[in-house]
Amino acid sequence: MTSECYPLVKTGGLADVVGALPLALAPLGVETRVLLPAYPGVREQLTAARKIAAIPDLFGGPGALVAGTTAEGLQVWLVEAPHLFARKGGGPYIGPDGNDWPDNHLRFAALSWVGAQIALGKVGGWKPDVVHLHDWQAALTAAYLHAAKGAGAAAAKAVPPSMLTIHNLAFQGVFPHDVTPALKLPATAVTHDGIEYWGNISYLKAGVQWCDRLGTVSPTYAREILTHEQGMGFDGLLKARADRLVGIVNGIDDRIWDPATDQHVAAPYSARRIAPKEFNKAALQVELGLHVRTDVPLFCVVSRLTTQKGFDLLLEAMPVLHARGAQLAVLGTGDREIQDAFQRLAETHKGQVATVIGFDEPMSHRFQAGADAIVVPSRFEPCGLTQLYGLRYGTLPVVARVGGLADTVIDANEAALRDGVATGFQFSPVDAMQLGVALDRACALFADTLAWQRVQKRAMTREVGWGVAAGAYLDQYQRLLAGR
Ligand code: ADP
Ligand code: GLC
């Protein structure tokens, strides 16, 4: 159950994960249904979706449907509730005015409520063995399932086990307490032992409190969120349930992210034949109005531009790149201040810095293929996917040593270079000075073409697919079933 799924709707890594994991689970014998709101863009892509069940009253409106179809190998079930999801403009969470949709509490309670009905076998004659919830938008399902258990032993037995994956603890689905009467929940669910959260309510808390397994998207982040510093108010509750918490690093979908077959790149290349990567660099430099040069490194950013991602640190560390004559290409969207700062930088450093504000999937592939390195200076990062794409594309990641970034990149220190295991650059603590040092180290290595290519090859051949993670999820599902 999810609010995003690539290629149907995407604002970040959650979509990539939910679009790929079911496909990776299929060969292991796991049959899935992805439950997703029928946003207008999704409905347009899934014209073949057919009614599975009618829902006469879904939090107001004239009635709703669950509809289903197969798309890109995924079995997708849609919550078709025009009064909640069929909106012009904006995105899944934010309206055209840049603010959250004012009824997000109802929109994602509705998604979660429908999810609970499916879990209980009340929709379309199909009942899952395990329910997997992704992030706060789906987490209230756990509250509806918990409430269903209250109706006696037989009812409790009919509730399938559940797992919550926390993709980002910063997003907690917090709403004022006074919306609770609209949520179809018993009064006991909105107390301190339920979803009450520092005077408000939190949908994420429902999942953390009541799911049978808790997961997040890297082992390091799983440890970090148990600390007061990074627990974002949830550390106490998470600690109490730490025996159920597991960190599984995301994979990447290499049907979509493989420089040898990527439809969006100018010249395909691979670890065995890296040379054509240079054509992609030149093509990107031309596209962005950068000087066409092979002798200076081209760093890139493909990201949400928010405080989490730490780009204020990159702005501060820019003198290091300027001093080395290095180039920077930014593709991102987010906080106005950070957007403006990168745009100003591009104006004052024409030919050296280029900034594209917007969300552009094909362009993100061209960035990965054309750049020499990708900068991910996040203050916290549950997993991070762009550094994984960077590894796959021989675009060496320069990353903060936090969360999934710490788990997926091996720093090119002397020992790692000597042993041939380095795949990128890490820095810690996460500040502008240490980022500057890492950028400088990257520039120095770039100047040594053979050494750089050795690291590129190592990065490109490192296993980053879904194989390991899919097995780990299956293991979690099996434990859930065994524990019944
Ligand atoms: P998060 O989910 O926190 O934003 P991830 O690194 O896990 O971070 O995933 C981000 C995903 O969104 C990646 O697939 C990345 O390529 C994509 N992405 C981010 N910003 C843009 C953008 N401006 N244009 C295209 N793709 C983007
Ligand atoms: C979140 C996290 C990111 C992670 C993604 C997919 O958006 O911020 O680190 O890669 O979810 O799990």
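A residue is called buried when its relative accessible area is under 20%, exposed when it is over 50%, and partly exposed in between, with a 1.4 Å probe and protein chains only. The model is predicted, so local features need pLDDT of at least 70 and side-chain atom pairs count only at pLDDT 80 or more, while totals for chains, interfaces and linings use all residues. Residues are numbered from 1 along each chain as its sequence is written, chains are lettered from A and ligands numbered from 1 in the order in which they are written, and side-chain values use heavy atoms, with hydrogens and water left out.

**Exercise 1. Place P377 and decide whether it is buried or exposed.**

Step 1. Look for P377 in the loop between β15 (373–376) and α15. Helices (H or I, at least four residues) and strands (E, at least two) are DSSP runs, numbered from the N terminus.

Step 2. Check the area: P377 has a relative accessible area of 0%, so it is buried.

Step 3. List what it touches, where contact means heavy atoms within 4.5 Å. Leaving out residues up to four places away in sequence, P377 touches K309, G310, F311, L313, A400, F427, V430 and L435.

Step 4. Add a distance: the C-alpha atoms of P377 and L405 are 9.3 Å apart, although 28 residues separate the two in sequence.

**Exercise 2. Test the length of helix α13 and find its buried face.**

Step 1. The expected span of a helix is 1.5 Å times one less than its number of residues. For the 13 residues of α13 (residues 336–348) this gives 18 Å, and the end C-alpha atoms are 18 Å apart, so the two agree.

Step 2. Pick out the buried residues of α13: I338, Q339, A341, F342, L345 and A346. Viewed down the helix axis, the buried residues of α13 fall within an arc of 165 degrees, so they line one face. The arc is that of the directions from the helix axis to the C-beta atoms.

Step 3. Recall a general point about such patterns. An α-helix has 3.6 residues a turn, so residues three or four places apart point the same way.

Step 4. Turn to the other side: the face of α13 away from its buried side carries the exposed residues R336, E337, R344, E347 and T348.

Step 5. Name the packing partners: the buried residues of α13 pack against β12 (298–305), α12 (311–324), β13 (327–334) and β14.

**Exercise 3. Find what caps α14, and say why α14 is called largely enclosed.**

Step 1. Start with D360, in the loop between β14 (353–357) and α14 (361–370). D360 has a relative accessible area of 29%, so it is partly exposed.

Step 2. Find the cap: a side-chain oxygen of D360 lies 3.0 Å from the backbone nitrogen of M363, and D360 caps the N-terminal end of α14. A polar contact is a pair of N or O atoms within 3.5 Å; within protein, one must be able to donate a hydrogen and the other to accept it, and residues adjacent in sequence count only if both atoms are side-chain atoms.

Step 3. Move along the helix: 8 of the 10 residues of α14 are buried, so the rest of the structure largely encloses it. Among the buried residues are M363, H365 and F367.

Step 4. See what covers them: the cover includes α11 (277–288), β12, β13, β14, β15 and α15.

**Exercise 4. Describe the surroundings of ligand 1 and the part played there by D16.**

Step 1. Of the 20 residues around ligand 1, K10, G13, D16, R304 and G358 come nearest. A residue is near a molecule or strand if one of its heavy atoms lies within 4 Å of it.

Step 2. Follow D16, which is found in helix α1. At 12% relative accessibility, D16 counts as buried. Its side chain makes a polar contact of 2.9 Å with that of K10.

Step 3. Inspect the ligand atoms. An N or O atom in the D16 side chain is 2.6 Å from an oxygen atom of ligand 1, and a polar backbone atom of G358 is 2.7 Å from a nitrogen atom of ligand 1.

Step 4. Finish with the cover: the protein covers 93% of the 560 Å² of accessible area that ligand 1 has on its own. Accessible areas come from the Shrake-Rupley method with a 1.4 Å probe; for residues, only the protein chains shown count as cover.
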